[in-house]
Amino acid sequence: MRDDHGSVVPLYHWLNKIPGGAMLIPLILGSVLGTFAPAALDIGSFTTALFKDSALPLIALLIFATGTQVTLRTSGPVLATTGVVLLGKSVIPGLLIVALAMVTGPEGILGVSILAMIAAATNANGGLWLAITGQYGRTKDRGAYIAGAVNDGPFFALLFIGASGLGQIPFVTLLAAILPFLLGVVIGNVDAQWRSVLKPVPGIVIPFFAFALGTGIDLGDVARGGLTGVLMGVVITLFTGGLVYLGYRFLLRRGGESGIGFAAGTTSGNAVATPAVVAAADPSFSAYVGTATSQVAASVLVTALLAPLVTTWVLRRAGARPAEAEREELEAAAAATATKEAAS
């Protein structure tokens with residue numbers, strides 16, 4: 001029996017019944033394949049290009065397409081939202097971890113080193129943010145992906161560890177991460193047709209880059225992260241996501257829509273490499289790299305599972321449906337404009 005779209009098996013419909021499912025399920029499938037049959041996608045040509053090596057170019061396309069949707073009318077709210085996400089997700093957690101390091105030293109607490117904490121807590125999974133906000137949020141929420149472009153990778157980890165005189169921020173690399181978004185903003189405002197053409201991009205590319213990212217996550221590393229990595233992931237979702245939630249509620253005054261803030265309570269897949277990058281900058285951290293890497297890998301999967309669930313639970317509890325509310329507002333505005341034009 002076919003559904004309304006003529007599908008024999010409505011796979012896409014089932015994916016979207018799971019919070020963040022368009023990214024989460026392909027990510028898990030990719031990690032299973034990458035763990036148990038890592039050579040399966042190394043056969044070359046288009047198969048390897050699409051299913052294993054596509055993550056960065058597809059994410060770059062997604063960033064560019066997201067930028068085209070930010071108009072001059074919405075840029076103020078987007079920048080305000082981006083600032084709140086960076087404050088709650090990166091700045092406050094980073095400062096707190098540095099303060100903890102002054103007390104505990106690099107060993108951290110409960111078997112979780114300062115290196116593991118700062119690598120996992122100061123960045124967000126930008127792809128999952130876009131998947132969740134695309135399903136539940138508004139345009140200004142999706143535009144705040146620029147926060148993920150800024151805090152993805154080792155930048156904030158090096159910045160906060162640099163409080164002890166370690167590491168430097170590679171400005172050119174940081175600029176390269178943000179540039180596709182900024183170019184998208186320019187193109188979208190110069191030519192509105194590009195904005196229309198690129199609007200469907202998130203729904204197209206998210207499952208593909210999520211699968212490719214998953215192939216780089218070894219479930220063995222996740223298992224080695226053990227209970228400490230799982231607990232760190234839970235704390236990251238509830239604490240850092242909670243900080244962004246508070247920013248949404250009290251700084252942005254989003255009321256019942258503030259639950260979107262929990263979508264930031266994630267760990268980026270790129271963070272798995274951060275402990276090694278930090279140790280390369282300061283070899284004194286080398287002793288912590290192995291354990292920290294496995295704990296961060298566990299945090300990536302735990303937060304990818306937990307953040308969408310917490311976000312949707314808080315939104316539903318508040319009775320908020322930001323995406324639907326925005327669509328209704330746009331339709332009402334379009335109808336009012338049409339009525340005004342017909343009357344004149």
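Which element gives the largest share of the nonpolar patch? Helix α5 does, with three residues. More on that patch below, after a look at the chain as a whole.

## The overall picture

What you have here is a predicted model. The protein chain has 17 helices and zero strands. Of its 344 residues, 48% are buried. Take the contacts with a separation of 6 or more, and 81% of them turn out to be between residues 24 or more positions apart. The chain exposes about 16300 Å², with carbon and sulfur atoms supplying 69% of that area.

## The nonpolar patch

The patch sits on the surface and is built from Leu87, Ile92, Leu96, Val235, Phe239 and Leu251. Together these residues have about 520 Å² of accessible area. Two elements, α5 (75-104) and α14, each give two or more residues to the patch.

Val235 is a handy one to click on. This residue belongs to helix α14, and its relative accessible area of 51% puts Val235 in the exposed class, because the cut-off for exposed is over 50%.

## Two enclosed helices

Helix α6 (residues 114-121) has eight of its eight residues buried, so this helix is largely enclosed by the rest of the structure. The residues in question are Ile114, Leu115, Ala116, Met117, Ile118, Ala119, Ala120 and Ala121.

Helix α7 (residues 126-136) is also largely enclosed by the rest of the structure, because nine of its 11 residues are buried. The buried set runs through Gly126, Gly127, Leu128, Trp129, Leu130, Ala131, Ile132 and Thr133, and also takes in Tyr136. At the start of α7, Asn125 puts a side-chain oxygen within 3.0 Å of the backbone nitrogen of Leu128.

## Where α13 meets α3

The count of aromatic pairs comes to two. One of them is Phe51 with Phe211, an edge-to-face arrangement with 5.9 Å centre to centre and 80° between the planes. This pair ties together distant parts of the chain, since Phe51 is in helix α3 (residues 45-51) and Phe211 is in helix α13, 160 residues apart. Their surroundings can be read from accessibility: Phe51 is partly exposed at 32%, while Phe211 is buried at 16%.

Ala212 lies in that helix too, α13 (residues 201-214). With 5% relative accessibility, Ala212 is buried. Leaving aside residues up to four places away in sequence, Ala212 touches Leu50, Phe51, Lys52, Ser54 and Ala55. For Ser54, the C-alpha to C-alpha distance to Ala212 is 6.2 Å, although the two are 158 residues apart in sequence.

Lys52, one of the residues touched by Ala212, has a charged partner as well. Its side chain meets that of Asp42 in a salt bridge of 2.5 Å, N to O. Lys52 is in the loop between α3 and α4 (55-68), and Asp42 is in the loop between α2 (21-36) and α3, 10 residues apart. Both ends are partly exposed: Lys52 has 29% relative accessibility and Asp42 has 44%.

## Salt bridges and the Arg254 network

A search of the whole structure turns up five salt bridges. Side chains of opposite charge can pair when their charged atoms come close. Arg254 and Glu257 form one such bridge, at 2.9 Å, N to O. Is this pair buried or exposed? Arg254 is buried at 11%, and Glu257 is buried at 13%, because the limit for buried is under 20%.

Arg254 lies in the loop between α14 (219-250) and α15 (274-281). Setting aside residues up to four places away in sequence, its contacts are Arg138, Lys140, Asp141, Tyr248 and Arg249. Salt bridges link Arg138, Asp141, Arg254 and Glu257 into a network.

Arg321 and Glu324 also form a salt bridge, with their closest N and O atoms 3.6 Å apart. Here Arg321 is exposed, at 59%, and Glu324 is partly exposed, at 35%.

## A serine in a loop

Ser286 is found in the loop between α15 and α16 (289-318). This residue is partly exposed, at 41% relative accessibility. The Ser286 side chain reaches the backbone oxygen of Pro283 at 2.8 Å. Ser286 and Ala276 are 10 residues apart in sequence, with 7.6 Å from C-alpha to C-alpha.

How values were computed. Residues are numbered from 1 along each chain as its sequence is written. This is a predicted model: local features need pLDDT of at least 70, side-chain atom pairs count only at pLDDT 80 or more; totals for chains, interfaces and linings use all residues. Side-chain values use heavy atoms; hydrogens and water are left out. Helices (H or I, at least four residues) and strands (E, at least two) are DSSP runs, numbered from the N terminus. Contact means heavy atoms within 4.5 Å. Patches are made of residues with over 30% relative accessible area and no salt bridge: like charges are joined within 9 Å, nonpolar side chains (Val, Leu, Ile, Met, Phe, Trp, Tyr) within 5 Å. Accessible areas come from the Shrake-Rupley method with a 1.4 Å probe; for residues, only the protein chains shown count as cover. A salt bridge is a side-chain nitrogen of Lys or Arg within 4 Å of a carboxyl oxygen of Asp or Glu. Buried means under 20% relative accessible area, exposed over 50%, partly exposed in between (1.4 Å probe, protein chains only). Rings of Phe, Tyr and Trp (its six-membered ring) pair if their centres lie within 6.5 Å; planes under 30 degrees apart count as stacked, over 60 as edge-to-face and the rest as tilted. A polar contact is a pair of N or O atoms within 3.5 Å; within protein, one must be able to donate a hydrogen and the other to accept it, and residues adjacent in sequence count only if both atoms are side-chain atoms.
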